[in-house]
Each structure stands twice: as C-alpha cells, then as structure tokens.
Amino acid sequence: AVPMAVSIAVVAASRKGVVIRRGDVFDRLLESSTIIFDKTGTLTIGKPHVENIWIVNNTVDEKTLLFYICSVESRSEHPIAKAVTDFCKDKGVETGDVEEFNHFPGLGVVGIINNSTVSIGNMELLKRMGVEEMEKLEKIDDIISSKGSTPVLVALNNSLVAVIEVSDRLRPEAEKVVRYLKSLGYRIGIASGDVKGSVERYAKALQLDFYRYELKPLEKTELVKEIQSKGEKILYVGDGVNDAATISVAHVGVAMGGGADVSKEAGDVVLTSNKLSDLVFIIELSKKVRRKFL
Ligand code: ADP
Ligand code: MG
C-alpha cells in the first residue's frame, strides 16, 4: 500500500498542476545530487524569435528564399521552426508543398521544393548535406554567437544562402530557482543541442557548475548515463521533442508542461503548470513527505 503521506502529497501536487507519475519520486528527488536542464523551454521561455536574417548568396531572390524556408519549417514542431514561420508570416510569405520532408533530431530539417533541396539547421546538418564554402560563415557565426543568439543556417542544394539569427529569453524566475537549488547543495548544469556561445551565456548568467553544448539527443542520454554510472544521481529537466529518452534514464525525469507529449509520457514528474518554480515546490514537498515518516 502507498503510505498516507505520499498519497496526500500526490494530491496536493496535482492541485498545482504537478503530475507525479510514480510514488517513489519524493525519495528519488532527495537522493539526487545533480540537476541537468535542457536549456530550450526549461531555463529559457522556449519561444525564440527571429532577430535578423542575412542573405549570403543571391542564387534566388529573397521572396523565393523565404517561401522555401517557410514551407520547410512549417512541417517542423521545433521552437526554432515556430520562430521562423512566425517571422515569415508577418512578412506575408506563403507556404507551398514540400516533397520528402525529413527532420534530423538535434540538427535541423531538410525538404525538397521545386526540385531544390532546402536544408535548415546547424553547422553539422549542412556538413552532412555536403554544403561547400562554409568558411564564408565564420564571421557571421562569430557575431551571432557572441550575442548569445543561435545561428540557423540555410542551404539551397550545395550552397549556403542565408543565416537566420534566432534568440530566446531566460525565464524570469530562472535565476531565483537556480539560486535556491544551489543553496540546497545541488550541482547544476545545462545539456543543450545549441551552439557554444548561446549555452555559455545562459550558464554564466546563472553561475552554473557546468555546461555541455552541441549535444545530439542521444549524446544527452549518454551524458546522463555516464554521470550516473559514477554513482551520482541525476534530476533531469527537459521539454523537447527529443528529450524523452534522457528523461527516462535519469534518476528523476521531469517534463515541462509546454513540451512534447512524448516527453510527458516519459516523465516521472510533469509540470503541466509549465512553471520552473514548481521544481522548488516538489523538492520542498519531498522533504515534508520524508519528515512524516520520521
Ligand atoms: P536544445 O538542447 O537547445 O533543446 P535541440 O536538440 O532541440 O536543442 O536542437 C539543437 C539544434 O538543432 C538547434 O539549436 C538548431 O540549430 C537545430 N535544429 C533543430 N530543429 C531545427 C529546425 N526545425 N529548424 C532549424 N534548426 C533546427
Ligand atoms: Mg530541445
């Protein structure tokens, strides 16, 4: 039978929109020593927006290019895709049919439209697509990274044609929550698929203990497994479409409410309220549950 204190705590949590999906979560939360956040949608609001777009090659006119970009991104559910399609729609850009759409987790998207292959994503995606003349990019990439934004690269067939600067914002409560978690003695880090400059900016602003960048979804899972194999227990907080596996392997997996359904299914805890401060709430609740048994 489930001890009374646990049942009461589960009900109290559900009233706040915090879904506890296994009874031993409270013990597990207090056993964890390290917290890892997946940056986008957890520490940040997860609603990035387009700051700027640089056209670096005039093989097609701007209107056609935006039409290609918008058509391909409208097939993706990634927050970056939302930022890009919103930007295009504001400019009155239409969308067309995409043949052979592919989403590469942690890298970006590729689609064929009007017999042109349109690749949109990070450096690694473009390298894999055989895009040449990447050195052109270095200067723009430096500028974007140093601002803490994310460069989203666009290639048409084998050439780089545009760079889109996308940026997100720290959740307003993030600093306070992190400060509190640190005061409890947790070691805190970020594991992100984003570029170094952007991840570093958030890690420094929050004075985190460590950060890892340009990780593909599988590499985040490996990181958690590797740290846990050394005896540390991890509380992982994620929200992305690609985070389900990492949420599952962590000692406690927390899914933020704004995220994908697959991550919610994988989570031991689901913050449907989508409030980072509810992380503090469940840790405090765990302490209360423990005291009831003493
Ligand atoms: P995070 O760990 O920050 O949540 P993701 O694994 O979701 O990162 O994505 C990693 C990177 O992959 C993004 O920073 C972006 O460069 C690229 N990417 C993924 N999906 C898309 C997309 N639909 N459009 C453009 N870029 C994408
Ligand atoms: Mg993500």
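Domain bounds, as used in this talk, come from an automatic or database domain assignment. On that basis, the protein chain divides into domain 1 (4–45 + 170–293) and domain 2 (49–167). Taken over C-alpha atoms, the centres of domain 1 and domain 2 are separated by 31 Å.

Some conventions before I continue. This is a predicted model, in which local features need pLDDT of at least 70 and side-chain atom pairs count only at pLDDT 80 or more, while totals for chains, interfaces and linings use all residues. Residues are numbered from 1 along each chain as its sequence is written, and chains are lettered from A and ligands numbered from 1 in the order in which they are written.

Let me turn to the contact between the domains. Here 13 residues of domain 1 are in contact with 11 residues of domain 2, contact being defined as C-beta atoms, placed from the backbone, that lie within 7 Å. On the side of domain 1 that touches domain 2, helix α8 (residues 196–205) gives the most, with four residues. That side divides into three nonpolar, six polar and four charged residues. In this count, Ala, Val, Leu, Ile, Met, Phe, Trp, Tyr, Cys and Pro are nonpolar, Asp, Glu, Lys and Arg are charged, and the others, Gly among them, are polar.

Next, the sheets. Helices (H or I, at least four residues) and strands (E, at least two) are DSSP runs, numbered from the N terminus; two strands pair if DSSP finds at least two bridges between them. Seven strands form an open sheet of mixed pairing, in the order β1-β13-β12-β11-β2-β9-β10. The edges are β1 (18–20) and β10 (210–212); each has a single partner strand, so one side of each is left without a neighbour in the sheet. From one strand to the next, the twist averages 20°. Within this sheet, strand β2 (residues 34–37) and strand β11 (residues 234–238) run parallel and are joined by four bridges. Isoleucine 36 has tyrosine 236 in β11 as its bridge partner.

The second open sheet has six strands in the order β3-β8-β7-β6-β5-β4, with antiparallel pairing. Its edges are β3 (49–55) and β4 (99–104), each with a single partner strand, so one side of each is left without a neighbour in the sheet. Neighbouring strands are turned by 15° against each other on average, direction ignored. Helix α6 (residues 138–146) packs on this sheet, touching β3, β7 and β8 (159–167), and its direction makes about 150° with that of β7. Such angles run from 0 to 180 degrees between N-to-C directions, with axes fitted as lines to C-alpha atoms, for helices over the stretch in contact.

Within the same six-stranded sheet, strand β5 (residues 108–113) and strand β6 (residues 116–121) run antiparallel, joined by six bridges. The two form a hairpin with two residues between them, and asparagine 114 in the turn has a positive phi of about 50°. Valine 109 has isoleucine 120 as its bridge partner in β6.

Finally, two further backbone angles. Most residues other than glycine have a negative phi. Glutamate 214, in the loop between β10 and α9 (217–229), has a positive phi of about 50°. Asparagine 274, in the loop between β13 (269–271) and α12 (277–293), has a positive phi of about 60°. Where do these residues stand, buried or exposed? Glutamate 214 is partly exposed, with 16 other C-beta atoms within 10 Å, and asparagine 274 is partly exposed, with 17. The cut-offs are 20 or more other C-beta atoms within 10 Å for buried, 12 or fewer for exposed, and partly exposed in between, with C-beta atoms placed from the backbone.

Definitions and conventions
Contact = placed C-beta atoms within 7 Å.
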